[in-house]
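Please open the structure in a viewer and keep the sequence panel at hand. The tour below proceeds by selection, with a note on what is found at each stop.

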Amino acid sequence: MLEVQNLSMRFGGLLAVDQVSLDVQEHEIVSIIGPNGAGKTTVFNCISGFYKPTGGKILFEGNEVQGKPDYKISRLGMVRTFQHVRLFGQMTVVENLLVAQHRHLNTNLISGLIKTPDYRERERKSLDRAAYWLDRVGLLELANREAGNLAYGQQRRLEIARCMVTEPKLLMLDEPAAGLNPAETKDLNQLIVSLKEDYNVSVLLIEHDMSLVMDISDRITVINQGRPLAAGTPDEVRQNDDVIKAYLGEA
Amino acid sequence: MAANNFRHALFCAIITLIISYPIIGFNLEAQGISVTLTGADTSTVVLVLLAAVVVFLFQLFRDQIMGGLKSIPSPMPKTQKEPMAENKRAKIESWVLTGIVVLALFWPFFVSRGAVDLATLVLIYVMLALGLNVVVGLAGLLDLGYVAFYAVGAYTFALLSQYAGISFWMALPIGACLAALFGLVLGFPVLRLRGDYLAIVTLGFGEIIRILLNNWTAVTGGPNGIGGIPDPTLFGMEFGRRVREEGNTSFHETFGIAYSGEHKVIFLYLIALVLAVITALIIRRFMRMPVGRAWEALREDEIAARSLGLSRTAVKLSAFTIGAFFAGFAGTVFASKQGFISPESFVFLESAIILAIVVLGGMGSQLGVVLAAVAVTILPELAREFSDYRMLVFGAAMVLMMVWRPQGLMPMRRIHIELRRQE
Ligand SMILES: Nc1ncnc2c1ncn2[C@@H]1O[C@H](COP(=O)(O)OP(=O)(O)OP(=O)(O)O)[C@@H](O)[C@H]1O
Ligand SMILES: [Mg+2]
């Protein structure tokens, strides 16, 4: 469904991403790995429309999307989380989920002011959807807390729930396990797999936690210093000499 | 630490002397055509010295004084304190609010004309502050030129009544919509700007409108302003002693009561009250709707908001437009209340006062904004004797508030939303 062809991104003299290609099929978890500063987040930023790539093509369900504004891309059904959690800190947990569902809601000002039956119906549905996902990530009890006051792991889960209420086709997670303890990482592992299995969402994942990546990925793309280094199944990547060298060289 | 404090205190005291001695300590006296400089009398000089000593002592013991100030318990303790049942609290709150509005409806019949007049002004500021609260408090867009939209509303009514003979009730929606249109138009160029840059551009916009009104003499009358703006009518009844317009009747004759200038003042007050309540209710609804949440999301994290498919353009423009709409409302009422308007009424200080109300009240909080509007408008009136020092007192009050309660009088409370567990 997502196809990235020869993507390049140049910042002044720095070629942060150089001819990277990858693709994600339906019902698939694909991971991008690579040492710090390899350009993984930059690839995400290009796909999600935060940066206008300086070269290459990005196709989503057959349509070119490179250079489209970010909010339009997310409306196509590609939503992302951030390496550094970005919640609406002073809003409550439910409100965070309601903001994400603005497109399911009737945004007509007048119908909202006079509360037409249609408006109420949609509002009730989005509240139910919010409740469902909060329950799913274990935050239902905290629904009326300010999002900024949640523990770090809870914030990460809320960010994923906030993506899921938009009912995306492709979920892009940027280092979702960063800062989580082993138990939380295990829950995350199960959650991501269940997103694919039970909700039919494809996942594009950036992660440094190798055991998580190797465990859940269908395919992996390795990037080093902006250039694609290897791609394949977890087993293939694990045995690739270039990858071993790059990672040993880093460590 | 102590030595450092001492040096700082000495420095502040000397600055106080340098600034205040030449300004207060010397008098210019005109003798014939020549001007002579004379020293002020000793008591003034003593006062200046005393002021320097006070500054010195305050700076020396600043930490202790500020600490003491912080430890004064707030009149409204931290919101988390009583975990009263949410729905019960909401019920009490709505009863209290209804009670206040009902009281406000009957109150003008028992007080002096001047008090009602002042209360009308308070209500106009309430409308303005509620509108600006959308832009600054909810959407987080620092707008320093808000008074421009107020001016658009006021001048729309003034000009329409002068050139087209349009009545208050017709002008009210037109003025508000025109102000909203200005909000939309100003919104476009500043879409990409945030924070300081946005503040400067909006400040400039406010000044442009004022200067335009001042210089476009042929239409706006320039600094002379526009007079003879009609009062609102009640179903075609006028409140003047004599009927001004063909086809209208007069209020006192219709009801067979003696003419009194108070009728008009009270009527205007009631209109302002109804409009202020409508403004508050509409914005309150907005805050619980997708638009309102989108404003706040944009304030909290623009990048995250966009990543969820919110269009920055639509969200920002809606905030500017809706904020400006209510300023237009307020402007029309103001023009009608004064009967005469000139660019004098729409200077930057007005923008600053409205912003101060929003900040004092607590960004985003409607009740807080209403309280602050009352305080900021009424306190200077009560302190009329000190009129020379009004701005000084105002400034000091702002500084104290920011130290004591930086989050405002009544910080915004989140709306509690009940969820049903889904299977
Ligand atoms: N907006 C930008 N302007 C200039 N340089 C940038 C910009 N964004 C990223 N870079 C540079 O691009 C390179 C790749 O950064 P990127 O954040 O994509 O790495 P990453 O693979 O996500 O690393 P990490 O694992 O640490 O998150 C870095 O050298 C970074 O400094
Ligand atoms: Mg990164």
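A residue is called buried when its relative accessible area is under 20%, exposed when that area is over 50%, and partly exposed in between. The model on display is a predicted one.

**First stop: a strand in chain A**

Select residues 170-174 of chain A, which form strand β7. Five of the five residues of this strand are buried, so β7(A) is largely enclosed by the rest of the structure. Show the side chains and inspect each face in turn: A:L170, A:M172 and A:D174 lie on one side, while A:L171 and A:L173 lie on the other. Both faces are covered.

Next, add strand β6 of chain A, residues 78-80. Strands β6 and β7(A) pair in the parallel sense over three bridges, and A:V79 is found opposite A:L171. Then add strand β8 of chain A, residues 202-206. Its pairing with β7(A) is also parallel and runs over five bridges; here A:S202 is the bridge partner of A:L170.

To see how β7(A) and β8(A) belong together, select helix α7 of chain A, residues 182-199. With the two strands, this helix makes a right-handed β-α-β unit.

**Second stop: salt bridges**

The count of salt bridges over all chains comes to 22. Begin with A:R219 and A:E28, whose side chains meet at 2.8 Å, N to O. A:R219 lies in strand β9 (residues 219-224) of chain A and A:E28 in the loop between β2 (14-24) and β3 (29-33), so the pair ties together parts that are 191 residues apart in sequence. A:R219 counts as partly exposed, at 25% relative accessibility, whereas A:E28 is buried, at 11%.

Move to helix α5 of chain A, residues 117-136, and select A:K125 and A:E121. These residues are four apart, about one turn of the helix, and form a salt bridge with the closest N and O atoms 3.9 Å apart. Is A:K125 buried, partly exposed or exposed? Its relative accessible area is 46%, so A:K125 is partly exposed. A:E121 is partly exposed as well, with 34%.

Now select A:E197 and A:K196, a salt bridge with its closest N and O atoms 3.8 Å apart. A:E197 is partly exposed at 45%, but A:K196 is buried at 9%. Finally, select A:E95, B:E296, B:R299, B:E300 and B:R414, which salt bridges with shared partners join into one network.

Methods:
Residues numbered from 1 in each chain as written. Chains lettered and ligands numbered in written order. Predicted model: local features only at pLDDT ≥ 70, side-chain atom pairs only at ≥ 80, totals over all residues. Heavy atoms only, no water. Buried < 20%, exposed > 50% of the residue type's maximum accessible area, 1.4 Å probe, protein only. Pairing = 2+ DSSP bridges. Right-handed = clockwise from strand over helix to strand, strands pointing away. Salt bridge = Lys/Arg side-chain N within 4 Å of Asp/Glu carboxyl O.
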